[in-house]
Amino acid sequence: MFKILVFLWMVYGLEGADVVLSCSLIEEGGGMGGMMGGAMFKRTASTLVFKDLVGNDDLSPELVTPYNPPETPNADDLIFELTLPSIQIPNADLLLHADCNEQEVVCEISHYVPRGAEVDSLPAHFIGSVQLEGGGISLTLVLQTLHNETTQSDTQPLMQSKLNLPLSQSGTLLTEVVFVVFSRVPSIVAPIGSDVLLDCGFRQKNSIPGQDVALEWRIQHRGNGRKILDIKARETETDVGQDLFVDREGTSAEADLLVRDGNASLTLRRLKVTDEGTYICTVGSGEFQTQQIVQLHITQPPHITLSEEKLVFQDSTPQKLSCHCHRYYPLDVQVEWFSQAPSEEEPVSLSKESSLSSHRQHSDGTYSLSSHLHLRPDKNPPGTVITCRVSHPALETLSDATLTVGKPDPNTVFWTVILMLAISVMFLYKAFSGAGAVYGTVSSLPVFIQNILNCVPKTNEAFTGLERHGVLALAMKTLEYTI
């Protein structure tokens with residue numbers, strides 16, 4: 001898409017402020033464009049002048065730079081001068097502040113043929129697309145040429161060289177806006193399960209009472225498209241009649257608001273991942289029909305958990321820690337690992353030492369992923385803080401899941417060593433003792449060791465830990481087997 005930084009001039013007069021945009025006239029041209037040999041589009045620099053677009057009540061004359069047409073009209077210049085005699089464009093004042101807000105404006109103009117009209121018929125019509133990037137208003141305007149003062153005099157008007165249309169004495173092509181379709185929120189982000197309103201509206205000059213208004217909403221996503229709503233509404237003396245087609249459950253538009261207020265907005269309830277896409281709002285009334293595009297992005301933040309609630313190294317064996325990101329959308333999630341020992345002032349990145357699982361897609365379209373990290377006790381002493389940091393478009397800030405490496409219980413280590421020594425003694429005793437002479441003595445050793453263990457207070461944390469994990473039971477079975 002062609003983009004050009006907007007140049008704004010605001011003419012401060014009795015009626016209001018004029019806005020001047022640098023645009024391009026788009027025409028189909030000859031040549032082999034594209035893989036299939038289709039016609040290329042030619043772009044010609046042009047200017048779009050909105051006359052009295054915004055009231056001047058809140059404008060300061062000191063902040064306004066006057067716009068002056070060329071001193072000598074030039075037939076090669078393309079200057080479209082617009083008037084809005086009876087059409088008010090919502091949020092049009094945003095165009096005044098685009099330059100100050102460092103926002104870009106995409107402005108394109110092309111030929112337009114109303115329904116039932118001939119291609120070269122007069123008055124001529126053009127369609128203008130004005131989009132404020134980075135949030136804001138998006139307009140699709142139908143422009144109709146006007147007769148100017150020179151056509152009623154003996155003076156031959158200056159003809160625009162490319163369009164072959166008469167220019168005003170100041171060298172501009174006089175037009176008026178007769179139809180406009182707009183969106184005040186052309187891009188919206190919404191979470192799964194929520195309701196959303198896709199903003200779309202229209203204005204028309206001299207609309208005929210009782211005239212049918214047609215509204216169609218389509219969705220395009222990844223090369224596939226379908227119609228999800230179609231309304232043909234008309235206002236009668238007592239009510240608003242409509243012909244309605246709806247393809248998606250929980251989708252609605254108000255026929256009475258469409259006809260009376262020009263409100264063509266679409267409501268989507270209980271959003272799903274499959275609702276994401278490009279929505280095309282097409283409005284037709286009388287001889288005019290045009291459209292507006294609204295982008296809907298679906299999001300779902302990840303739920304983040306660690307595989308362990310606490311981490312304690314009992315020996316020199318590394319331990320595995322996993323960070324799970326559950327049910328997020330869209331796909332792009334990033335997981336980072338950090339550690340910060342008590343002696344370190346800044347955390348150290350461990351991301352290069354981690355590994356990622358493959359993305360798992362659920363039936364609702366969301367994804368899950370896990371990141372794994374093996375931690376060594378010599379590099380992560382007690383008191384070290386381990387952090388899993390996750391970034392995702394649905395998260396306003398980075399999300400952390402942390403744990404602190406704990407100290408091992410010295411009693412646990414002590415009793416583990418004692419038990420292992422006892423088992424080793426039994427193996428050695430059996431190896432060096434006679435098979436028959438000492439059988440009775442050796443066979444009574446398990447009972448003797450059990451009596452020793454019975455003397456340990458049951459409140460001892462190390463003992464209960466060994467008992468809970470089955471270490472004692474395993475040791476006693478091993479003794480019985482060996483003797």
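The exchange below walks through a predicted model of a protein.

Colleague: How many helices and how many strands are there in the protein?

Modeller: The model is a predicted one, and its buried residues make up 41% of the 483 residues in the protein. Along the chain, the elements counted in the protein come to 6 helices and 27 strands.

Colleague: Which residues have the most contacts inside the largest nonpolar core?

Modeller: The largest nonpolar core has 60 residues. Apart from that core lies another one, of 36 residues, which includes Leu-78, Ile-109, Leu-139 and Val-177. Inside the largest core, the residues with the most contacts are Leu-198, Leu-215, Trp-217, Leu-296 and Trp-337.

Colleague: Where does Trp-337 stand, and which residue of strand 26 is opposite?

Modeller: Strand 21, which covers residues 334-340, runs antiparallel to strand 26, residues 385-391, and 7 bridges join the two. These strands belong to an open sheet of 5 strands with mixed pairing, in the order 19-27-26-21-22. Opposite Trp-337, in strand 26, stands Cys-388.

Colleague: Which are the edge strands of this sheet?

Modeller: At one end of the order, strand 19 pairs with strand 27 in the parallel sense over 2 bridges, and Leu-311 has Val-405 of strand 27 as its bridge partner. At the other end, strand 21 and strand 22 pair in the antiparallel sense, also over 2 bridges, with Ser-349 of strand 22 as the bridge partner of Phe-338. Each edge strand pairs on one side only, and the two are strand 19 (311-312) and strand 22 (348-349).

Colleague: How many residues apart in sequence are the parts that Asp-400 and Arg-389 tie together?

Modeller: The side chains of Asp-400 and Arg-389 meet in a salt bridge, at 2.9 Å from N to O. Asp-400 counts as partly exposed at 41% relative accessibility, and Arg-389 counts as partly exposed at 26%. Because Asp-400 lies in strand 27 and Arg-389 in strand 26, the pair ties together parts whose separation in sequence is 11 residues.

Colleague: Is Asp-230, which forms a salt bridge with Lys-227, buried or exposed?

Modeller: The closest N and O atoms of Lys-227 and Asp-230 are 3.6 Å apart. Lys-227 counts as partly exposed, at 29% relative accessibility. For Asp-230 the relative accessible area is 14%, and since the cut-off for burial is under 20%, Asp-230 is buried.

Conventions
Residues numbered from 1 in each chain as written. Predicted model: local features only at pLDDT ≥ 70, side-chain atom pairs only at ≥ 80, totals over all residues. Heavy atoms only, no water. Core = buried A, V, L, I, M, F, W, Y, C linked by side-chain atoms within 4.5 Å. Buried < 20%, exposed > 50% of the residue type's maximum accessible area, 1.4 Å probe, protein only. Pairing = 2+ DSSP bridges. Helix = DSSP H or I, 4+ residues; strand = E, 2+ residues; numbered from the N terminus. Salt bridge = Lys/Arg side-chain N within 4 Å of Asp/Glu carboxyl O.
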